[in-house]
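Biologist: I'm new to this one, and I'd love a friendly tour. Could you show me the structure before I start asking?

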Amino acid sequence: LLILLSSMESRKIQKSGTTFYVYLPALWCREQNITTNSVVFLKQNPRGDLIIEKKKQEDDQLSLSFELKDTNHEVINKFIVASYINPVKKFEIKFNEKLNPKQILEHKKILSGLELLDFEEDKVYCQTTLSLGDPDILLFTMIRKINSMASFIKKGTTFELIERYEMEIDKCNLLVNKSIISSLMHKKDSKLRHVELFYIGHISKMLEQIADTLINIKKSNPVLDDILKQMKNLEIVLENLNEKSVSSYIKSISRLENVKVKDSKTFYQKRVYSVLGHIGETLADWVITKKIDV
């Protein structure tokens, strides 16, 4: 709960020794049953405003994981929707039997409104409590969807499924941009600082470019293996954003960028490797910003 007053009031900052303090409005304390034994919680929004809350906002919601032995189409869809609407932070449903690409496509058609839902042959997973204040989670969703997209292309999956992945990645990028603009305009609180939003936006756009290129790539192109490897590397780097992890990523990408364009296959390789290289540059910029942002 924010401190909401009927009109703008001011409070003079008091000081005792090295401690600064301010008195809370008596009316608000009575309405919220605040006593001398109560504890309130403080947090800071991107504008630097200090917010006082009666209750701590719980981020550690339950995660759900279970195995579904029945792979009937209707059964799977019903359990996915049930998991989605329940108050869990994320869920993962493992299948007793692997789904083929055609089955996955059919599920995606029916569950198209759940754009953060993603399938693998042996499981489905989703981040259910995502809000527009979570562009970092959207970024990880994009990475995983590119990984799935490349994997299905490599297996020669129907183009309709590949196209749907590309559309979902585009939508995630739009949601990232919407989240960033909303946070910068102070319409919505975000746990991320503005400089972090800046870098997330850059990387999101480059991931969208990879997806746009992927849709033209054939299953025989060796770039698919490199994408699968580098998307996993990128997840690790973003989880541990430091000089060592970024250096390792840049070195792994630099070995790929020397490909010469001879035909359409090498043209798409060059485009993907170039974007991966630009992501490495952005990660390096981000690390340096972290070093001086104290």
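Biologist: Which residues does Thr289 touch, not counting residues up to four places away in sequence?

Modeller: Happy to help, and please keep in mind that this is a predicted model. Thr289 has its place in helix α9. Leaving out residues up to four places away in sequence, Thr289 touches Val195 and Tyr199.

Biologist: With which side chain does the side chain of Thr289 make a polar contact?

Modeller: One of the residues that Thr289 touches is Tyr199. The two side chains also make a polar contact, at 2.7 Å. The partner is therefore the side chain of Tyr199, and the cut-off for such a contact is 3.5 Å, so the pair qualifies.

Biologist: Is Thr289 buried or exposed?

Modeller: A residue counts as buried under 20% relative accessible area. The value for Thr289 is 18%, so Thr289 is buried.

Biologist: How far apart are the end C-alpha atoms of helix α9, and what span should its 29 residues have?

Modeller: Helix α9 covers residues 264-292, and at 1.5 Å a residue it should span 42 Å. At its start, a side-chain oxygen of Asp263 reaches to within 3.2 Å of the backbone nitrogen of Lys265. The expected span agrees with the distance between the end C-alpha atoms, which is 43 Å.

Biologist: Let's turn to rings. How are the planes of Phe267 and Tyr268 arranged?

Modeller: The structure holds 6 aromatic pairs. For Phe267 and Tyr268, the ring centres are 5.3 Å apart and the planes stand at 65 degrees. Planes over 60 degrees apart count as edge-to-face, so this pair is edge-to-face.

Biologist: Which residues form one aromatic cluster with Tyr199?

Modeller: We met Tyr199 as a polar partner of Thr289. Tyr199 also belongs to an aromatic cluster, and the residues that join it there are Phe198 and Trp286.

Biologist: Now the sheet, please. Which strands stand at the edges?

Modeller: Here 4 strands form an open sheet with mixed pairing, in the order β5-β6-β8-β7. The strands at the edges each have a single partner strand, so one side of each is left without a neighbour in the sheet. From one strand to the next the twist averages 15 degrees. The edge strands are β5 (63-68) and β7 (117-120).

Biologist: In which sense do β7 and β8 pair, parallel or antiparallel?

Modeller: The two strands form a hairpin with 2 residues between them. In the pairing, Asp118 stands opposite Tyr125, and Phe119 has Val124 as its bridge partner. Over 4 bridges, the sense is antiparallel.

Biologist: How many of the 5 residues of β8 are buried?

Modeller: Besides β7, strand β8 pairs with β6, in the antiparallel sense over 5 bridges; there Lys90 has Gln127 as its bridge partner. β8 is largely enclosed by the rest of the structure, because the number of its residues that are buried is 4.

Biologist: Which helix lies across β5, β6, β7 and β8?

Modeller: Helix α4 (residues 135-154) lies across β7 and β8, running at about 30 degrees to β7. The helix you ask about covers residues 73-85 and runs at about 160 degrees to β6. That helix is α2.

Key
Residues are numbered from 1 along each chain as its sequence is written. This is a predicted model: local features need pLDDT of at least 70, side-chain atom pairs count only at pLDDT 80 or more; totals for chains, interfaces and linings use all residues. Side-chain values use heavy atoms; hydrogens and water are left out. The expected span of a helix is 1.5 Å times one less than its number of residues. A polar contact is a pair of N or O atoms within 3.5 Å; within protein, one must be able to donate a hydrogen and the other to accept it, and residues adjacent in sequence count only if both atoms are side-chain atoms. Buried means under 20% relative accessible area, exposed over 50%, partly exposed in between (1.4 Å probe, protein chains only). Contact means heavy atoms within 4.5 Å. Two strands pair if DSSP finds at least two bridges between them. Axes are lines fitted to C-alpha atoms, for helices over the stretch in contact, and angles run from 0 to 180 degrees between N-to-C directions. Rings of Phe, Tyr and Trp (its six-membered ring) pair if their centres lie within 6.5 Å; planes under 30 degrees apart count as stacked, over 60 as edge-to-face and the rest as tilted.
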